[in-house]
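Work through the exercises below with the sequence and model open. Try each task before reading its solution.

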Amino acid sequence: MAGKQFKDLDLKDAFLFAAALQDAETCQMILEIILGENRCLERDFSLGDETFRIFLNTRGNNDREVPKLLVDFLHYVEKSNDEYVGTVSDEKIGQLHEKIRKLKESREWEARYMTFERLLQKSEEKGREEGLKEGQQKILKVMECMIASGEAEKIPELTKDETLLEQMLKKYNL
């Protein structure tokens, strides 16, 4: 999802899917397509917890075994665009696409997406900084332990030999 423009998202992108489900009518439409009248129950696949689960795969290869509307929907999830919708005959996909198209044109949702992207970037940057700091602290602690145990002469090798560094981290429980 990172780097995509909001207008270029497909339903497979979590943000657009979640945004689509915010609208009760769109949510109902998606659930009707997925659950519909035709359901496939795997009789030899017992989970033992009395729950009902549906496994969907947008890249499945058993189109003939699944209702056409569901197949069309799963392909639409991968390619939520005018071009794909032009190849589908069922009007439900067209209706859903119209709702998704309007959602993609929404300035409010585009702003939310941009805010979400910024938050993700900041979180990733913070995680990298924290990881770098933690790694530096571990290396300093390893060096401290090596000096204390009389292995200071091996310290220059740490930068050249990852295996040695891993051994020292294990040896000193770091």
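The exercises go from the overall fold to single residues and charged pairs.

This is a predicted model: local features need pLDDT of at least 70, side-chain atom pairs count only at pLDDT 80 or more, and totals for chains, interfaces and linings use all residues. Residues are numbered from 1 along each chain as its sequence is written, and side-chain values use heavy atoms, with hydrogens and water left out.

**Exercise 1. Describe the fold.**

Step 1: Count the elements. The protein has seven helices and zero strands. Helices (H or I, at least four residues) and strands (E, at least two) are DSSP runs, numbered from the N terminus.

Step 2: Check burial. Of the 174 residues, 27% count as buried. Buried means under 20% relative accessible area, exposed over 50%, and partly exposed in between (1.4 Å probe, protein chains only).

**Exercise 2. Is Asp72 buried or exposed, and what is it in contact with?**

Step 1: Locate Asp72. It is found in helix H3, residues 68-78.

Step 2: Read its accessibility. Asp72 is buried, because its relative accessible area is 6%.

Step 3: List its partners. Neighbours within four places in sequence are left aside; Asp72 is then in contact with Tyr84, Val88 and Ile93. Contact means heavy atoms within 4.5 Å.

**Exercise 3. Analyse the salt bridge between Lys12 and Glu78.**

Step 1: Apply the rule. A salt bridge is a side-chain nitrogen of Lys or Arg within 4 Å of a carboxyl oxygen of Asp or Glu. The Lys12 and Glu78 side chains meet at 3.4 Å, N to O.

Step 2: Place the partners. This pair links distant parts of the chain, 66 residues apart: Lys12 is in the segment before helix H1 (14-21), and Glu78 is in helix H3.

Step 3: Compare exposure. Lys12 is partly exposed, at 40% relative accessible area. Glu78 counts as buried, at 15%.

**Exercise 4. Explain the spacing of Glu105 and Arg101.**

Step 1: Check the bridge. Their side chains meet in a salt bridge of 2.5 Å, N to O.

Step 2: Use the sequence. Glu105 and Arg101 are separated by about one helical turn because they are four residues apart in helix H5 (residues 91-105).

Step 3: Add exposure. Glu105 is exposed at 53% relative accessible area, while Arg101 counts as partly exposed at 26%.

**Exercise 5. Place both ends of the salt bridge between Lys171 and Glu151.**

Step 1: Read the distance. The side chains meet at 3.0 Å, N to O.

Step 2: Find the elements. Lys171 is in helix H7, and Glu151 is in the loop between H6 and H7, 20 residues apart.

Step 3: Assign exposure. Lys171 counts as partly exposed at 47% relative accessibility, and Glu151 counts as buried at 10%.
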